[in-house]
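User: I'm new to this one and would like to know how the labels people attach to it are earned. Can we go through them one at a time?

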Amino acid sequence: MAVFNRRTLETLCSHTFYIELVTVNLHTLVDSLLSDTLETSLPLFRPELAICGTIVLMLLVRVIRCERFLPPFCLALVGSIVALWLALPSEGLAAWAELSSQETFTGMLVFDSLYAYVRVFLLAFAVLFVVLSQLTGIADREDGQDYFTLVLGATLGMCIMASANHLLTIFLGIEMASLPSYVLAGIVKGRRRSSEASLKYAIYGAGAAGVMLYGISLLAGVVGSAHLPTIARELSSLNIQAMLASSEESSIVMVLALGGLMLGVGLAFKLSAVPFHFWCPDVFEGASAEVGAFLSVASKAAALTLLIRVGVGLGYVQEKPQAELAIDQPATVAEVSTAGQPPTTFAALKAGSIVAEEGASDPLSPVRNFFVILVAIIAMVSCTFGNLAAYGQTNIKRMFAYSTIAHAGFMMMAVAAAVALLGRDTIHAQTAISALLIYMAIYLFMNLGAFAIVAFLRNEMQSEEIEDYAGLIRSCPVVAVMMTAILVSLVGLPPLAGFWPKLRVLQSLYEAGGPLLITVLVVAGINTAISLVYYLRVIKVICIDPEPDTRGPVSLGFLPVAYVLVVSLPVIVFGILPDTVANWADQATKHLFY
Amino acid sequence: MIHLPLAHLLSEPVGVSHYVMVGAVLFTCGVLCMATKRNALGVLMGIELVLNGANLNFIAFGSHVLRNDVNSLGLDGQLMAMFVIVLAAAEAAVLLAIALNFYNNHNSIDVDRADELLG
C-alpha cells in the first residue's frame with residue numbers, strides 16, 4: 001500500500017531550496033495519490049457509492065417527474081439492498097478474520113474488520129428501516145423522496161463516522177449523520193410537538209458540534225496533526241508525566257486535555273450520555289416512533305464505533321502501519337523536514353524515526369487513563385440516570401428514550417474496558433470490543449422491534465401512552481407476546497438474547513479489573529436489577545390489566561405482524577443459539593490489534 | 001510588579017497566540033450568545049461565532065507564515081477550515097428551515113416557547 005504523507009509534501013513545498021526535489025516528488029505524489037484513490041480506496045468504498053448513487057437517482061426522479069413509475073420506496077429499497085450486498089464479503093463472513101487494517105483516501109478513513117462489521121450492521125438496518133417506513137406509511141408519496149434521501153444520507157454519515165481516521169472526518173461524519181436527523185425529527189408537518197422536538201434537537205446538536213470543532217482545533221493545533229495514528233505517535237513521544245510536573249509545560253497538557261474534553265462533548269451528545277442527554281427524551285417523544293428507532297439503533301451504533309476509534313486511535317500505536325511508513329519514506333525527506341529548524345516541544349518525533357515497539361505502549365498510558373476514567377464515569381451516570389428516570393414515564397416512546405440512554409451507558413462500559421485492556425492485553429481488549437459488537441447487533445433487533453410495534457399500534461389506536469396498551473394480549477396476541485419477549489430481553493434475562501451481550505460486557509469489565517472498572521461492574525449489575533421494574537410494569541399492563549371498554553378492536557394487518565415477527569424472532573432465536581452472532585463479532589475483532 | 005496573564009502578548013510580534021486569543025474570544029462570545037439568546041436566530045448566530053472561532057484556530061495553526069516548523073498543521077488546517085465553512089452554511093440552511101417550521105406551528109421563534117415537551 002502506498003502511504004502518502006501530507007506533511008512531506010508541505011515541508012517540501014515550503015523550502016524553495018528543494019525545487020528540484022519538489023518537481024520530482026510532485027509526480028510521484030500525484031501518482032501515488034491516484035493509485036491510492038482508484039485502486040485501493042474506491043473499491044473498498046463501493047457500498048457507500050451505491051448509497052450516494054441512490055440518493056442522486058431519487059432526487060433526479062422527482063426532477064424528471066416520473067415518480068409514478070419509480071416510487072421512492074422501491075429505489076431506496078433496491079439501493080440499500082445493493083449496498084448491503086456489496087458490503088458483504090464475497091467469500092463469506094469468515095473473511096473478516098483475515099482482513100487487515102488499511103487506510104483509505106490518504107488516511108482520512110480506515111478500513112478494517114471492525115468497520116466491515118459495522119457497515120454491514122448499518123446497511124442491514126437501513127434495509128429493515130426502509131421497509132418499516134413503507135409499512136407504517138410515514139413516507140407517503142409526496143414526502144417519500146425527502147424522507148428516504150434523509151435516511152440514506154444519515155446512513156452514509158454514520159458509515160463515515162464508523163470509519164473515521166482523521167479529526168476532520170470525525171467532524172464531517174457526525175455532521176452528516178446529524179443534519180438529516182434534525183430534519184427527520186420534524187418530518188411530520190403541522191405537528192406542534194414534532195417541530196418543537198426538531199428545533200430542540202437542532203439547537204443542542206449544532207451547539208455541541210461547535211464546541212467539538214473548537215476542541216478539535218485545539219487538539220490538532222497543539223499536536224500538529226489531525227490524523228489519529230499520527231496524533232497517537234506524537235503523543236507517545238511526549239513524556240506526559242514529566243510535562244505535568246514542570247509548570248511551563250503542564251499548560252500544554254492542560255490544552256490537550258481541554259481539547260479532548262471538548263471532543264468528548266460532541267461524542268457524548270451523539271451517545272446521549274448524561275450531561276448532554278436532554279434532547280433525547282424530547283426528540284423521541286416529539287418525533288415519530290420510526291425516527292426514534294433510527295436514532296436509537298443506527299445513530300448509537302455509529303457513535304459507539306466512533307468512540308472506539310477515538311479511544312483506540314489516541315491510546316494505542318499500531319506497530320504495523322508505522323513500519324510501512326518508515327520504509328516508504330525516503331531518507332532525504334526526513335533530513336529536509338528537520339534541517340535548519342529549531343527543535344520545538346513536539347519536534348522530538350522526526351518524520352522518519354521509529355518509536356521503539358516496547359516503548360510505544362507505555363507513554364500513552366496517561367492518555368488511556370484519561371479516556372477510561374471519563375468514559376467509565378459518564379457510562380455509570382448515564383446508565384443509572386436512564387434507568388431511574390424511566391420509572392415515572394407514561395409515554396412509551398419517552399420510556400424507551402430513557403432506556404436507550406441506559407443502554408448506551410452500558411455499551412460505553414464495554415468501550416472503557418476495551419481501552420483499559422489495550423495497554424497490557426490486546427486479546428482481551430478484542431473480546432471487549434466483540435462484546436460491544438454483539439450488544440449492538442442484538443440491540444438492533446430489540447429496539448427496532450419495539451419501535452415498530454409502537455408505530456403500528458399508533459396507526460391503529462392513535463395513542464402512545466402505556467396505559468392504553470392495557471390488555472393488548474387479548475386483542476392482538478402475537479404482537480403482545482413479541483413485545484413481552486423484547487422487553488424481557490432488554491432487561492437481560494437469560495433465556496433471551498439480551499442476556500448474552502450483557503454477560504460478555506460484565507466479563508470484560510472483570511478482566512480489566514482495577515478499582516474503577518470493578519465499581520463500574522457493580523453499578524452495571526445493580527442497574528440490571530433496577531431496569532427490571534419498569535420493563536415489567538409495561539409487561540404487566542399488556543398482559544394482566546383488563547382491556548378498557550373505550551377501546552375498539554385492535555387488529556394489525558398481515559404485513560405489520562409479519563414484519564414484527566421477522567424483526568423480533570431473532571431476539572428469541574439468538575437467545576437460545578447465540579453462537580452465530582458471537583462468531584461474527586469474534587471474527588470481526590480477531591485481528592483488530594496486532 | 002504585577003504580572004498580568006497574557007500581558008506578554010502585547011509586547012510580542014503577532015504570532016499564532018494572538019490569533020488563537022481572538023479565536024478564544026469569538027468562541028466565548030458564541031457560547032454566551034447560545035446560552036443567553038432566547039431567539040432561535042440569535043442562537044444560530046452564536047453557533048456561527050463558535051464555528052468561526054474554531055476556523056480561526058485552524059488557519060492560525062496551519063499558517064506557514066505564523067509558525068514555520070514541523071508541527072504546523074499546514075494545508076490540513078486550511079482544508080479543514082474550508083470544509084467547516086461549507087458545513088456551517090449547510091447547518092444554517094437546515095436550522096433556518098427548522099426554525100421556519102417551528103414558527104408556522106407556534107407563531108414565534110422564541111426557544112422558551114418550546115416547552116411542551118418536558119426535557
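Here is a round of questions and answers on this structure.

User: Before anything else, what is this model, and what scores does the model have?

Analyst: It's a predicted model. The model comes with an ipTM of 0.94 and a pTM of 0.88. For chain A the mean pLDDT is 84, with 88% of its residues at 70 or more. Chain B averages 87, and 92% of its residues score at least 70.

User: Which elements of chain A have the lowest and the highest mean pLDDT?

Analyst: The lowest belongs to helix α15 (residues 331-338) of chain A, with a mean of 35, and the highest to α7(A), with 94. There are also stretches below 50: residues 7-20 of chain A are one, with 19 contacts in the model beyond near neighbours in sequence. Another is residues 320-361 of chain A, with 56 such contacts. A word of caution goes with that: where pLDDT is low, the predicted coordinates shouldn't be read in detail.

User: What makes up chain A, and how much of the chain is buried?

Analyst: Chain A has 25 helices and 2 strands. Of its 594 residues, 56% count as buried; the label takes 20 or more other C-beta atoms within 10 Å. Among contacts in chain A with a separation of 6 or more, 81% join residues 24 or more positions apart.

User: How is chain A divided into domains, and how far apart are their centres?

Analyst: Domain 1 covers 1-44 and domain 2 covers 371-594. Their C-alpha centres lie 48 Å apart.

User: How many residues of each chain are in contact with the other chain?

Analyst: On chain A, 45 residues are in contact with 42 residues of chain B. Four helices of chain A each supply at least two residues to that side: α1 (6-13), α7 (167-185), α8 (192-223) and α12 (279-286). The largest share, 20 residues, comes from α8(A). By kind, chain A's side divides into 20 nonpolar, 15 polar and 10 charged residues.

User: What about α12(A) and α18(A): what is the handedness of their crossing, and which residues make the contact?

Analyst: The crossing of α12(A) and α18(A) is right-handed. The axes of α12(A) and helix α18 (residues 396-422) of chain A come within 8 Å and cross at roughly 145°. From α12(A), the contact uses A:Cys280, A:Pro281, A:Phe284 and A:Glu285. From α18(A), the contributors include A:Lys397, A:Arg398, A:Phe400 and A:Tyr402. The residues of this contact divide into 7 nonpolar, 1 polar and 3 charged.

User: Why is A:Ser272 called buried rather than exposed?

Analyst: The cut-off for buried is 20 or more other C-beta atoms within 10 Å. A:Ser272 has 27 of them, so A:Ser272 is buried. You'll find A:Ser272 in the loop between α11 (247-271) and α12 of chain A. A:Ser272 also has a positive phi of about 50°, although it is not a glycine.

User: And B:Asn107: what makes that residue buried or exposed?

Analyst: Exposed needs 12 or fewer neighbours. B:Asn107 has 9 C-beta neighbours inside 10 Å, so B:Asn107 counts as exposed. This residue lies in the segment after α4 (75-106) of chain B. Its phi is near 60°, a positive value in a residue other than glycine.

User: How do you know that A:Ile530 is partly exposed?

Analyst: Partly exposed lies in between the buried cut-off of 20 or more and the exposed cut-off of 12 or fewer. A:Ile530 has 17 other C-beta atoms within 10 Å, so the label is partly exposed. A:Ile530 sits in helix α23 (residues 514-543) of chain A, and touches A:Asn387 and A:Leu388, not counting residues up to four places away in sequence.

User: Why does A:Cys52 count as partly exposed?

Analyst: By the same reasoning: A:Cys52 has 16 C-beta neighbours inside 10 Å, so A:Cys52 counts as partly exposed. Its place is in helix α3 (residues 46-63) of chain A.

User: How far apart are A:Cys52 and A:Leu152, in sequence and in space?

Analyst: They're 100 residues apart in sequence and 8.2 Å apart in space, C-alpha to C-alpha. For A:Ile530 and A:Ser195, the figures are 335 residues and 33 Å.

Key
Residues numbered from 1 in each chain as written. Chains lettered and ligands numbered in written order. Predicted model: local features only at pLDDT ≥ 70, side-chain atom pairs only at ≥ 80, totals over all residues. Contact = placed C-beta atoms within 7 Å. Nonpolar A, V, L, I, M, F, W, Y, C, P; charged D, E, K, R; others polar. Domains from an automatic or database assignment. pLDDT = per-residue confidence, 0-100. Axes fitted to C-alpha atoms, helices over the stretch in contact; angles between N-to-C directions. Left-handed = near helix turned anticlockwise from the far one by under 90°.
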